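Work through the exercises below with the sequence and the model in view. Each task is followed by a worked solution.

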Protein chains: 2
Amino acid sequence: MPNPLLLPEFRELLSEGNTETLTELMGDMHPASIAEFSEGLDVDETWQLLSYAPLERQAEVFSFYPPENQEELVSDVGRERMSSLLEAMSHDDRVDLLKQLDEEVVENLLPLVARADREDIRKLMSYPEYTAGAVMTTDYASLPADTTVSEALSLLRRQAPNAETIYYVYVLDAERHLVGFVSLQDLILARPNALVRDIMQPDVVSVRVEQDREEVAQELAKYDFLAIPVVDDQNRLMGIVTHDDVADVMEAEATEDFHLAAAVTPLIRGYGQSGIWSLYRRRVGWLLMLVFVSLLSSGVIEAYEEVLHSVIALAFFLPLLIDSGGNTGSQAATLIVRALATDEVDPKQLVGIVLKELSVGLSLGVTMAVASFFLALFRGGFDVGMIVGISMLCIVLSANLLGVLLPFVLSRLRFDPAVASSPLITTVADVLGLLLYFMVATWTMNWMGTLERL
Amino acid sequence: MPNPLLLPEFRELLSEGNTETLTELMGDMHPASIAEFSEGLDVDETWQLLSYAPLERQAEVFSFYPPENQEELVSDVGRERMSSLLEAMSHDDRVDLLKQLDEEVVENLLPLVARADREDIRKLMSYPEYTAGAVMTTDYASLPADTTVSEALSLLRRQAPNAETIYYVYVLDAERHLVGFVSLQDLILARPNALVRDIMQPDVVSVRVEQDREEVAQELAKYDFLAIPVVDDQNRLMGIVTHDDVADVMEAEATEDFHLAAAVTPLIRGYGQSGIWSLYRRRVGWLLMLVFVSLLSSGVIEAYEEVLHSVIALAFFLPLLIDSGGNTGSQAATLIVRALATDEVDPKQLVGIVLKELSVGLSLGVTMAVASFFLALFRGGFDVGMIVGISMLCIVLSANLLGVLLPFVLSRLRFDPAVASSPLITTVADVLGLLLYFMVATWTMNWMGTLERL
């Protein structure tokens, strides 16, 4: 969101054409801050502001604008200007930008971009979404093995302006096979006439170009790397994924799980950018599917119509009982789904977890049974109190177990366990809750009837 | 989880006492890989394995063991050995370790640690949980401003073994005020006799020591920094938070939101490490609170007892209608909660979002109404079909609106919007659903009655 403090200042400086201050600002402020503070400017003002910085800097600031602003800026500017900006941008950022533009705009732009860059762009755009290839960048720093440390440092000085990072350097042979890794720190600490071959680490942790981006982010985070190399099936270096992508990927994956857990097909664009039709489509299928699950609940009520009709007081406690079942199930399912997603528990630990949750469920069930017994006693007398209390115990215990088991079952069936969503578990728990309630009610009434007859 | 392939190999090498291979392995493998592959060893074997590496390396590997393994390793080893390991560990990692040990163990260990380290540990342990101070590390690289670049590089060479990173260097005055920032890349590219003062960036983005760790992670991620400096209210440098902490903080915060959204008070330790009593306590309060919300549903049924008794067929569709309301509300609440958490929408955009969701809700409502009209027509005739269809439209529309508004209301009341959890919204939507259903039913029956009388 635009910073209301600095926006008028920017505007004033621009209308005054205050070259000195603007050049200084564009040079001193962090590109992310410039982008943040100037987000409220219109397209013309933004391009005017950018023109006070050299091309490299313009490209950096541009990368920090939100996607929708970038699109606006592209649609308006002369193609020539945009093509030189694309050449200056970081290789992964420009591909991210081009992916969200209309195909027509891209096809008009690309012929103006230098050939090497154009080929790099086409290559990077060809990797399937959600893979390492689609997240990586190709502007890494590399060295041959038979270089001395001092030669290596001067090679790196030359690569620095075009490299995403020179802190991690990959050692390649003539066919670009990844043969080693050396950090800038290693180079700084080594003797100037040592060979890179002798100080490099020969076993490099890498990921494959077709690997899932979530796995790549987890590897990067596990090793606390600044970047991880991406190789093809011949171990040739194709690109690197850098630390700043980890946060983006993790946030996107968490959002996906949140949406699935609420029975929404994950949005491709953010909520703010999703239209009404797109939101509708991603929700309606799940809602209709859940209607069919709910019909089972209707079936249970129909089967026990007589019981309900004879003791209408039972209906009062319907919401209380089935809600409690759904809530307990949601809690258990979410705890398990999240523990599985963060690799905190292993699917192999199923038995231990079930035993643990039987104890938790029993404790919760007894507490809830006592509470609801008194509530029902107060409103419907001892018989109803007993029925409601016993039902509550059975419902909480079994809904809790259902919540624990469903994620494991889904994961075994190769579904995302996050689908053991609150709406799904709630709706299934309702069927179970109604069934248990009416079973307990008929059984208790029969038993009391028998007692009275004695 | 332990890697079953390498564990027997490690065991064999250890029992053979194969010094050469073990020393080589401990030198060549990444500390994270050593920790991963040796996780299945027992305490004695692990210490034996570690002894094949120099102390610095031992400390690195140790940091990569999961918390519970670290605890085990500490409890068993001689205090002297552990104290030298603590001195070698990264300053934030050792504080993380000590925080989870029993106070008694810590008080026994600390006197054996060198004085400077001991003071650093006590200082870092004193910051409140969830603040920048509690996440930061104090082993940063720093320089005075009036140094030449070549002097700076040799100063950094000396700091390297004890610094978390030398890629980001902070420029301090005599009172440790943060006056500038320079990256190792800047230093490598600058003339050797240039002054640090002239190449440093004077405006440094920093965070305050008492700031929330989530904000710190967001700042770090926003600027794509490797590290962000943490200062006190006098702008004195207190520590740095590094990029590898971002992933940990983000994962922890996402887990917290998942738990809240399922009406579970967030677990302090992971699910695997939480006992039955702890799990019970974090769930029972919410369940009991929701019982009281459900009682409102019972109240609604009681108020409309007559209607229900006269047309018992209405009861069949109760679960269908209230489940659909709850599911729609969950979807909307989750979309909004997540968009707010990722700063994708701004609380100020409320009006626009409400208008958008009125359209989405209307589209969903009409679809669901048509589907349920036919289901009810088939089972209960035209009258019941009309009642169920109209009720469904009203329920979906209003539950959707409730799902949108509740997170905003909670956030205005300074609660975490994630509390607009699925269980809460489902339970509230039930009350609303029942009320709407019975109102529509009585109104429709009256109207039909009037029609027949005409």
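**Exercise 1.** In which sense do β1(B) and strand β2 of chain B pair, and over how many bridges?

Solution. β1(B) and β2 (residues 168-172) of chain B pair in the parallel sense, over four bridges. Two strands pair if DSSP finds at least two bridges between them. Strands (E, at least two residues) and helices (H or I, at least four) are DSSP runs, numbered from the N terminus. Next, find a facing pair: B:Leu143 stands opposite B:Val171 in β2(B).

This is a predicted model: local features need pLDDT of at least 70, side-chain atom pairs count only at pLDDT 80 or more, and totals for chains, interfaces and linings use all residues. Residues are numbered from 1 along each chain as its sequence is written, while chains are lettered from A and ligands numbered from 1 in the order in which they are written.

**Exercise 2.** Place β1-β2-β3 of chain B in their sheet.

Solution. Start with the other pairing: β2(B) and β3(B) are antiparallel over five bridges. Here B:Tyr168 has B:Ser183 in β3(B) as its bridge partner. The sheet is open, with three strands in the order β1-β2-β3 and mixed pairing. Its edge strands are β1 (141-144) and β3 (178-183) of chain B, each pairing on one side only. The twist averages 35° from one strand to the next. Angles run from 0 to 180 degrees between N-to-C directions, with axes as lines fitted to C-alpha atoms (for helices, over the stretch in contact). Finish at the hairpin of β2(B) and β3(B): five residues lie between the strands, and B:Arg176 takes a positive phi near 65°.

**Exercise 3.** Is strand β6 of chain A buried or exposed?

Solution. Apply the cut-offs. A residue is buried if 20 or more other C-beta atoms lie within 10 Å of its own, exposed if 12 or fewer, and partly exposed in between; C-beta atoms are placed from the backbone. Six of the six residues of β6 (residues 237-242) of chain A are buried, so the strand is largely enclosed by the rest of the structure. Now take its partner: β5 (residues 227-231) of chain A runs antiparallel to β6(A), joined by five bridges. A:Ala227 has A:Thr242 as its bridge partner in β6(A).

**Exercise 4.** Which residues have the most contacts inside the largest nonpolar core?

Solution. A nonpolar core is a set of buried Ala, Val, Leu, Ile, Met, Phe, Trp, Tyr and Cys residues joined through C-beta atoms within 7 Å. The largest one has 223 residues, and A:Val241 and B:Val241 have the most contacts inside it. Helix α21 (residues 350-412) of chain B supplies the largest share, 22 residues.

**Exercise 5.** Compare two positive phi values outside glycine, at A:Ala263 and B:Arg414.

Solution. A:Ala263 has a phi of about 60° and lies in the loop between α16 (243-261) and α17 of chain A. A:Ala263 is buried, with 26 other C-beta atoms within 10 Å. B:Arg414 has a phi of about 65° and lies in the loop between α21 and α22 (422-453) of chain B. B:Arg414 counts as exposed, with 6 C-beta neighbours inside 10 Å.

**Exercise 6.** How many residues of chain A are in contact with chain B?

Solution. Contact requires C-beta atoms, placed from the backbone, within 7 Å. By that rule, 90 residues of chain A are in contact with 90 residues of chain B. Helix α17 (residues 276-303) of chain A gives the most to chain A's side, with 15 residues.

Terms used: Contact = placed C-beta atoms within 7 Å.
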